[in-house]
Amino acid sequence: MPGIRIDFNRYGDLVARLPSGVRNVDFATASAVCPFAGGPDESTIAAEVFGGDADPVRAHPEIGRFRSAFAAYAPPHRERASSGGIASWVLGASLRQGLVDGVIHVAPSFGRDDGRVFSYRVATTPDAISAGATSFYFPVSMDEVLRIVKERPGRYAITGVPCFHKALRSLRSVDPVIDERIVLQVGIVCGQMKSAHYMRFLAAAAGAPRGARVVDACFRRKVEGRPANDYAVEVKTQSSDASAEGAPVQVHRVMNSRIGVNWGMGYFKPKACDFCDDVLAETADLAAMDAWLPHYVEDGRGWSLVVLRSRLAERLWHEGVRAGDLVQRPVTAQQVADSQRGGLNHRRKLLGYRLWLHRRAWHPAKRQPARRDLSARAAPGAAAARVAARAQPRALAAHR
Ligand SMILES: Cc1cc2nc3c(=O)[nH]c(=O)nc-3n(C[C@H](O)[C@H](O)[C@H](O)COP(=O)(O)OP(=O)(O)OC[C@H]3O[C@@H](n4cnc5c(N)ncnc54)[C@H](O)[C@@H]3O)c2cc1C
């Protein structure tokens, strides 16, 4: 958006800023495309985008609109990937089949001087797609790549966490060039984003010397023989002493299980994530996630769950299965929802209470109503029980 700059705040989150003196910013459009400001919610967008299909599109209260769902992996992509390599496979397949001219995904970009050490870029070869495999728990922004899309005619597939896809759908509704050029939205399921400080925390947890410069990081390294949820975090550092130019790179590793409860407690999570109720990228053509289900977690080589929402995604998928690119097992919508229970509890059940806490402050309009009664949200029926308990002394008094 002309006039608006994206950079890091002191919490390590990438935020939109308005430099002083800038005039003529189109605030109406900016808030219409911001996923946390105005605009239609995810259910409304998904109904519009996927609901018109003549073929069966089912709506599930927790996973959104979908056509089919599978547990799967893509053998050649699996090793480098976070889970089953499904996101990398979809990107590669869309390029191979000529559906797109380039894929927009996230890859390491250490060496930049603006702190964006992971960032979106356009990849046009299978090798480049592989180099961007795995999950980057680090703030990224679409500002630079969207400029490229505007300038460079062609068709693109793009990865993103749920709020990015919502923003893209809104942008596509007001920008016909972007709408024509973004043809496939690949959703990366998200329970929470992390700030840039998270990587520094991981470096310290992995034993990197204080003040050392992080020159590379992998947030999800599979470890042979371990279950899928017991992965390693790997951080590479170099001395930040200017005189140590060319100093050896040191590799530090720590197992995810040793880091502590950062996921459950939401450490390093941007505030915006507490006002998001879309875990499953409900507006993307498909959504890929870790197969956090008992049977699949045991296989540390990695399985993904995938929810196919658009006809296009389903077509790509079935061609992949026919070509022998994918190993798949059907799963139910309920199994998909159960695999994300922690994220759904936080973002759906407990969001109502956060909305109630913020009832006097501005907050985005959400699909959940504000609810003061946390216990009633956590345990259906508890509210009725409490009302009955409150009524009981009065009823007993009436009998005396
Ligand atoms: C911030 C974050 C939170 C997540 N939370 C959950 C969760 O709660 N539950 C769950 O099941 N899964 C979650 N995931 C998704 C999970 O980690 C895997 O990314 C997903 O299972 C896809 O794995 P894959 O093996 O199919 O993908 P891969 O083949 O490894 O490919 C991943 C693709 O996603 C792109 N990518 C990586 N990070 C980002 C990013 N930050 N923004 C945009 N694109 C990116 C990569 O460039 C690559 O193309 C999260 C991912 C992220 C980045």
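In this predicted model, the buried residues of helix 13 pack against three elements: helix 4, strand 13 and strand 14 (304-308). These buried residues are A313, L316, W317 and G320. Viewed down the axis of helix 13, they fall within an arc of 100°, so they line one face of the helix. The length of helix 13 can also be checked. The helix comprises 12 residues (residues 311-322), which should span 16 Å at 1.5 Å a residue, and this agrees with its end C-alpha atoms, which are 16 Å apart. After helix 13 comes G324, a residue with a positive phi, near 80°.

Strand 14, one of the partners of helix 13, deserves a closer look. Five of its five residues are buried, and the strand is thus described as mostly covered. Both of its faces are covered: on one side S304, V306 and L308 are buried, and on the other L305 and V307 are buried. Strand 14 pairs with strand 5 (residues 68-73) in the antiparallel sense, over five bridges. Within this pairing, L305 of strand 14 is the bridge partner of A71. Strand 14 also pairs with strand 13, again in the antiparallel sense and over five bridges. Here V307 of strand 14 is the bridge partner of A287.

Strand 13 and helix 4 lead to the ligand. The ligand is surrounded by 35 residues, of which the closest are A81, A87, S88, G191 and M289. Helix 4 (86-96), strand 6 (102-108), strand 8 (156-160) and strand 13 (286-290) each supply at least two residues of this shell. The largest share, four residues, comes from helix 4. By class, the shell contains 18 nonpolar, 16 polar and one charged residues.

Strand 8 leads on to helix 7, since the buried residues of helix 7 pack against helix 1 (27-33), helix 2 (42-50), strand 8 and strand 9 (182-188). The buried residues of helix 7 include P162, F164, L168 and S170. The 13 residues of helix 7 (residues 162-174) should span 18 Å at 1.5 Å a residue; the end C-alpha atoms are 19 Å apart, which agrees.

Finally, the beginning of the chain may be considered. Strand 1 (residues 5-8) pairs with strand 2 (residues 14-17) in the antiparallel sense, over four bridges. In this pair, F8 stands opposite L14 of strand 2. The two strands, strand 1 and strand 2, form a hairpin with five residues between them, and G12 in the turn has a positive phi of about 85°.

Conventions: Residues are numbered from 1 along each chain as its sequence is written. This is a predicted model: local features need pLDDT of at least 70, side-chain atom pairs count only at pLDDT 80 or more; totals for chains, interfaces and linings use all residues. A residue is near a molecule or strand if its C-beta atom, placed from the backbone, lies within 6 Å of it. Ala, Val, Leu, Ile, Met, Phe, Trp, Tyr, Cys and Pro count as nonpolar, Asp, Glu, Lys and Arg as charged, and the others, Gly among them, as polar. Two strands pair if DSSP finds at least two bridges between them. The expected span of a helix is 1.5 Å times one less than its number of residues. A residue is buried if 20 or more other C-beta atoms lie within 10 Å of its own, exposed if 12 or fewer, and partly exposed in between; C-beta atoms are placed from the backbone. The arc is that of the directions from the helix axis to the C-beta atoms. Two residues are in contact if their C-beta atoms, placed from the backbone, lie within 7 Å.
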